[in-house]
Amino acid sequence: MIQRPICSLCNKNYRSINYKRGDIYHYRKYCTECGKKKKKAKRKSLNDLNKVIIALEEKGFEKEASTLNEIFLKIAKVK
């Protein structure tokens, strides 16, 4: 019997099954727990970006995607 692969992030749990085609199982990259953690982290970073954009607009910056992305990347590197 083939064993399920281990999660590449936590190295504790088995990876989630993505789908089954015929008799072959295809697995996701991470286990269920790590997948949920990654979603929360991504959602939090998007909320932080929105807060930065609002603060910059209040200070008089125009909404230009390239400028805001550069500023956000500088802020993210400092944290």
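1. Let me start with Lys29: at 57% relative accessibility this residue counts as exposed, where exposed means over 50% relative accessible area, buried under 20% and partly exposed in between (1.4 Å probe, protein chains only). Lys29 sits in the loop between β2 and α1. Leaving out neighbours within four places in sequence, its contacts are Cys7, Ser8 and Arg15; contact here is heavy atoms within 4.5 Å. Lys29 and Ser16 are 13 residues apart in sequence, with 7.6 Å between their C-alpha atoms.

2. A word on what we're looking at. This is a predicted model, in which local features need pLDDT of at least 70 and side-chain atom pairs count only at pLDDT 80 or more, while totals for chains, interfaces and linings use all residues. Residues are numbered from 1 along each chain as its sequence is written, and side-chain values use heavy atoms, with hydrogens and water left out.

3. Now the overall layout. The protein chain has two helices and two strands, and reading along the sequence gives β-β-α-α. Those elements are DSSP runs numbered from the N terminus: helices are H or I with at least four residues, strands are E with at least two. Of the 79 residues in the protein chain, 13% are buried. Among contacts with a separation of 6 or more, 12% are between residues 24 or more positions apart. The chain exposes about 7,200 Å², and carbon and sulfur atoms supply 54% of that; the areas come from the Shrake-Rupley method with a 1.4 Å probe, and for residues only the protein chains shown count as cover.

4. The hairpin next. β1 and β2 (residues 24-27) run antiparallel and are joined by four bridges; two strands pair if DSSP finds at least two bridges between them. Two residues lie between the strands of this hairpin, and Gly22 in the turn has a positive phi of about 65 degrees. For cross-strand partners, Arg21 stands opposite Ile24 in β2, and Lys20 is opposite Tyr25 in β2.

5. Which residue has a positive phi although it is not a glycine? That would be Asn11, at about 55 degrees. Most residues other than glycine have a negative phi. I'd have a look at this one in the viewer. Asn11 belongs to the segment before β1 and is exposed, with a relative accessible area of 55%.

6. Ser16 is also in the segment before β1 (17-21). Is Ser16 buried or exposed? Its relative accessible area is 11%, so Ser16 is buried. Not counting residues up to four places away in sequence, Ser16 touches Arg4, Tyr27, Arg28, Tyr30, Cys31 and Thr32. With Thr32 there is also a side-chain polar contact of 3.0 Å. A polar contact is a pair of N or O atoms within 3.5 Å; within protein, one must be able to donate a hydrogen and the other to accept it, and residues adjacent in sequence count only if both atoms are side-chain atoms.

7. On to the cysteines. How many disulfides does the structure hold? Zero, with a disulfide taken as a pair of cysteine sulfur atoms within 2.5 Å. Cys7 is in no disulfide, and the nearest cysteine sulfur, that of Cys34, is 3.7 Å away. Cys31 is in no disulfide either; the nearest cysteine sulfur there is again that of Cys34, 3.6 Å away. Cys7 is buried, because its relative accessible area is 0%, and Cys31 counts as buried at 2% relative accessibility.

8. Cys34 deserves its own point. This cysteine lies in helix α1 and counts as buried, with 6% relative accessibility. Setting aside neighbours within four places in sequence, Cys34 is in contact with Cys7, Leu9 and Cys10. Cys34 and Cys7 are 27 residues apart in sequence, and their C-alpha atoms are 8.2 Å apart in space.

9. Last, Glu33, which is also in helix α1 (residues 32-58). At 49% relative accessibility, Glu33 counts as partly exposed. Its C-alpha atom is separated by 8.5 Å from that of Asn13, with the two residues 20 apart along the chain.
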